[in-house]
Amino acid sequence: MEFKKITSPLTDEKVRNLKAGDNILISGEIYTARDAAHKKLIELLEKGRPWPVNLRGQIIYYVGPTPAKPGQVIGSSGPTTSGRMDPYTPTMLKSGVKAVIGKGSRNQETRKAFQDYKGVYLAATGGAGALLAKTIKEAEVVAYPELGPEAVRRLVVEDFPATVINDIYGNDLYEEGRRRYAREK
Amino acid sequence: MRELDVKFISEAVVEMCKDSNYILGEDVIRAFQKGLEEEVSPVGKEVFKQLLENARIAREEEVPMCQDTGTAVIFVELGQEVLLVGGDFEEAVNAGVRQGYQEGFLRKSIVRDPLDRKNTGDNTPAIIHVKLVQGDQVRLVMAPKGGGSENMSTLKMLTPAQGVKGLENFVVETVRLAGSNPCPPIVVGIGLGGSFERVAYLAKKALLRPLGSPNPDTFYADLEDKLLEKINNTGIGPQGFGGRFTALAVHIEVFPCHIASLPAAVNINCHASRSVEKVL
């Protein structure tokens, strides 16, 4: 299996090279946010207030890790189901976020937003939390500590494995993969 | 009567919370190895490779295989010759969950109210199913259940006229709609018959059967094989990336039902098909 290496933050140029079905290894900063943090970030935008962290060009990872054991950087850290973030993602992309990592399919509007705002949707292997945690070298809570596992964390990752699902060209690996391997009348 | 102090139940639950989240069963590992050998999609093969490596790290380093350490679902078979002493039984189970999730560095994923969404902070209360059985032992099975796959599960009151065809369509459609969300390759638990509430319980129970152990009734064993083939023909594949392994197994549990009804429930489990057992 061949992997494309990418480093964050992302640019239009870097995103252009990513195609649905590509296996990639991410290095650099990524930021965690899931249901509750998204709700808070969107509320700030609606009130015209600034975000507690600058997410322009950044990658958001939908994850709620387990508590770290002594000596661990972070606990198990696999992706959560992305569909729950569909109501927020187009606005996040419009506000400068370049990529999101999760698992599971996105709705039509969100898929179109990846094209419109030149962003990509990446999937990490759901349920591989122990393996993925090994690629996380630094972790610190940077906003909403009261949300516990749902707090916004800044992570530094090295060769974090992911697969491109939705690219800026309108391709969708979930649909294409299913079509390629289906054996139905 | 045999007296059993409920503190032994608490202690057993503490260990089961940790073990079930750290150690994936040999049956599931074997299913992953088969997937790694036989999956035709390269990206699907890579998923099996990662899942095997993930299970190894979790077991060796005693860390949760998945960050969703689940709702604590506990099945209890209580021998009718056992006299429980030393405190409240349900509180003893919950005390075990509280301590197990804390000590084991497991995620606390339970909210106290479905609408106000405040976390209880200790992963209690557990979902406890008690069945009275003969004998003087207590058998405990702990099966932590992740939210992603639970959310894709469905119950339907089919009509008797819809029969086996109706059941097949319902099951395959449920899997198709779930797609990549429940972390395929999945395990599909099917409840059939009983009543509205019993059928959901049967579907959950079906997930506890070790992979590779078919229903003892050959009709249902054949139906399990047929449904597995149909599900794998959808092409969803590991993680939904496309491939031949959408499900690792299909298990059906059956109970008699009303002349007017054909209750059917599909409980989907992710590939982290976790459960451990202890007999006291």
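**Sheet, core and interface in a two-chain model**

In chain B, B:Val76 stands opposite B:Val130 of strand E4. The model in which this pair is found is a predicted one. The two valines belong to a pairing between strand E2 (residues 73–79) and strand E4 of chain B, which run in the parallel sense over 7 bridges. In general, the strands of a sheet pair through backbone hydrogen bonds, in either a parallel or an antiparallel sense.

The wider setting of this pair is an open sheet of 4 strands in chain B, ordered E4-E2-E5-E10, with mixed pairing. Its edges are formed by strand E4 (127–133) and strand E10 (276–279), each of which pairs on one side only. From one strand to the next, the twist averages 15°.

Two helices of chain B lie across this sheet. Helix H1 (residues 6–22) lies across E2, strand E5 (138–142) and E10 of chain B, and it runs at about 160° to E10. Helix H4 (residues 89–103) lies across E2, E4 and E5 of chain B, and its direction is at about 135° to E4.

In chain A, strand E7 (residues 152–166) offers a second point of entry. Of its 15 residues, 13 are buried, and the strand is thus described as mostly covered. Strand E2 (residues 23–32) of chain A pairs with E7 of chain A in the antiparallel sense over 8 bridges, and within that pairing A:Leu25 has A:Pro161 as its bridge partner. Strand E5 (residues 120–123) of chain A is also antiparallel to E7, to which it is joined by 3 bridges; here A:Tyr121 is matched with A:Asn166. Strand E6 (residues 136–143) of chain A pairs with E7 through 6 bridges, again in the antiparallel sense, and A:Ala139 stands opposite A:Leu155.

Strand E6 of chain A also contains A:Val141. Is this valine buried or exposed? A:Val141 counts as partly exposed because its relative accessibility is 40%, and the partly exposed class lies between 20% and 50%. Leaving aside residues up to four places away in sequence, A:Val141 touches A:Ala151, A:Val152 and A:Arg153. A:Gly126, by contrast, is 15 residues from A:Val141 in sequence and 23 Å from it in space, C-alpha to C-alpha.

The interior may be considered next. In soluble globular proteins, nonpolar side chains tend to be buried together. The largest nonpolar core in this model has 82 residues, and those with the most contacts inside it include A:Ile26, A:Leu55, A:Leu122 and A:Phe160. Helix H3 (residues 42–61) of chain B gives the most to this core, with 8 residues. A:Leu122 touches, among others beyond four places away in sequence, A:Ile24, A:Ile26, A:Val100, A:Ile101, A:Val164 and A:Ile165.

The final topic is the interface between the chains. In it, 42 residues of chain B are in contact with 42 residues of chain A. Together the two chains bury about 3500 Å², of which 55% is on carbon and sulfur atoms. B:Gln67, B:Phe105 and B:Phe241 supply 20% of the area that chain B buries against chain A, more than any other three residues. How many salt bridges cross this interface? The rule finds 1. B:Glu61 forms a salt bridge with A:Lys134, their closest N and O atoms being 2.6 Å apart.

How values were computed:
Residues are numbered from 1 along each chain as its sequence is written. Chains are lettered from A and ligands numbered from 1 in the order in which they are written. This is a predicted model: local features need pLDDT of at least 70, side-chain atom pairs count only at pLDDT 80 or more; totals for chains, interfaces and linings use all residues. Side-chain values use heavy atoms; hydrogens and water are left out. A nonpolar core is a set of buried Ala, Val, Leu, Ile, Met, Phe, Trp, Tyr and Cys residues joined through side-chain atoms within 4.5 Å. Buried means under 20% relative accessible area, exposed over 50%, partly exposed in between (1.4 Å probe, protein chains only). Contact means heavy atoms within 4.5 Å. Two strands pair if DSSP finds at least two bridges between them. Axes are lines fitted to C-alpha atoms, for helices over the stretch in contact, and angles run from 0 to 180 degrees between N-to-C directions. Buried area is the accessible area (1.4 Å probe) that two parts lose on being put together, summed over both. A salt bridge is a side-chain nitrogen of Lys or Arg within 4 Å of a carboxyl oxygen of Asp or Glu.
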